[in-house]
Protein chains: 2
Amino acid sequence: MCESPEQVRTLFRAAGKRLTHQRELILDALEKSNKHLDAEAIHDRVKQEDPDISLATVYRTLTLLKELGLVEVHSLGTERSRYESAGDTPHYHFTCMACGKVIEFDTPLVTQVGQELSEREGIRVTEAHLHVRGYCAECAKSGGGRENDVA
Amino acid sequence: MCESPEQVRTLFRAAGKRLTHQRELILDALEKSNKHLDAEAIHDRVKQEDPDISLATVYRTLTLLKELGLVEVHSLGTERSRYESAGDTPHYHFTCMACGKVIEFDTPLVTQVGQELSEREGIRVTEAHLHVRGYCAECAKSGGGRENDVA
DNA sequence: GTCCATGCAAACTGTTTGCACGCGC
DNA sequence: GCGCGTGCAAACAGTTTGCATGGAC
C-alpha cells in the first residue's frame, strides 16, 4: 500500500466523504491481507472487529474506495468480484485451471500494448487487465494440459 | 466461423447431443453477427425466428456450445457475459468507459507474454484475455479521460 | 445541527434448476 | 419408444437500494 492514514484522510475529505470506523476497518482488512478478497471475505474479516458491519456497507465502501482509486477490482471470469488494495506495482494474474492457484506477475509488455493502442487508435488507456489461464508447472506435469498455445 | 454444418453435427453426435431446431438457431445467430452478444440479445434474435424459445434454453445451449468449443465467452467486468462464435483469429478488447464502444484488436505481444510466462514459471498457457479500458479517440477529446497511463 | 453513512430487509439482475411434456434419434 | 431437450416458473447468488436511525464533522 502506498497511502498513509493521513493521505487517506485527505483523500476522503477532498471527496467530501467521511472516514468512519467501518471504512477504516475495511481499508485495514484490504491492506493487511493484500490478497484478492471478495466482498464476503472482507465482510467476514471486519465482522471479527465489529460484528455489526453489514455486507451492504462493505459493498458501498468498496465502491467508494474504487472511485477514490484505493482499491482495484478484478472480475475474473464468472466468479464473484475480488478486491485488493491499489498502489502496488501493477500486476496481472495467471489462474491454474487444474488446481486453482493464482500466480501474479508483471510484464512491461502490457504497457507496450497500451502504447501500441494509443498510437494506432488514438485511445487513452486507463486500465488494462490481463488474465491468463492454463496449467501451472506441477499440474502441467501431471498431464492436466492440452497442447494449444496462447489463444 | 470455421465449422461447417456437418462438422457441427458430428461434434454434437460425438458428444451424444442432439442438434435441435433451437440449437441451430442459436448457433446461426452467433455466426451471423459475430459481435459479442449477451444472452438476452441472442434470445431476442432467435425469438424472431421462433418466439417460443426460452431464455433458459439460450443459456443451456450457450453452456453446451462453450463445452464443445464452438463459442467463446467474455466476462468483461461486472457486465453480463458476452458470447461470440469461436474459431476466428484471437483478439482482445478495448472498452470505452465513456461511450461503451468496444474495439477489437490483435497483438502479438500477448502471445509473447504467454511465452515469457512459460519460460519463467513453467506454465502451460491455454487462454489469455486482455481487456483494456479507457477512452476512445472521440471521448478522450471531449475531456472524458484522466492522465494516468496503463495501470 | 447538518448531512452523510449505516443497518436492515427487500428489490434487482443475470443465471441456473426442477419438473412435466415433447421431440430427435 | 427411450431419453435428452424444452418451456415455464421458481430458485439462486451476488450486488444494489429505500428508508429511518445514528454518527462524523
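The following exchange concerns strand pairing and aromatic pairs in a predicted model.

Modeller: Local features need pLDDT of at least 70, side-chain atom pairs count only at pLDDT 80 or more, and totals for chains, interfaces and linings use all residues. Residues are numbered from 1 along each chain as its sequence is written, chains are lettered from A in the order in which they are written, and side-chain values use heavy atoms, without hydrogens and water.

Colleague: How do you know that β2(A) and β3 of chain A pair?

Modeller: Strands are DSSP runs of E, at least two residues long, numbered from the N terminus, and two of them pair if DSSP finds at least two bridges between them. Four bridges join β2(A) to β3 (residues 82–85), so the criterion is met, and the strands run antiparallel. A:Val71, for example, has A:Ser85 in β3(A) as its bridge partner.

Colleague: What makes β1 and β2 of chain A edge strands?

Modeller: The open sheet has the order β1-β3-β2; β1 (37–38) and β2 (71–74) each pair on one side only.

Colleague: Why is the pair of A:Tyr92 and A:Phe105 called tilted?

Modeller: Rings of Phe, Tyr and Trp (its six-membered ring) pair if their centres lie within 6.5 Å; planes under 30 degrees apart count as stacked, over 60 as edge-to-face and the rest as tilted. Here the centres are 6.1 Å apart and the planes are at 55°, so the pair is tilted. A:Tyr92 lies in β4 (residues 92–96) and A:Phe105 in β5 (residues 102–105), 13 residues apart.

Colleague: What aromatic pair do B:Tyr92 and B:Phe105 form?

Modeller: A tilted one, with 6.1 Å centre to centre and 55° between the planes.
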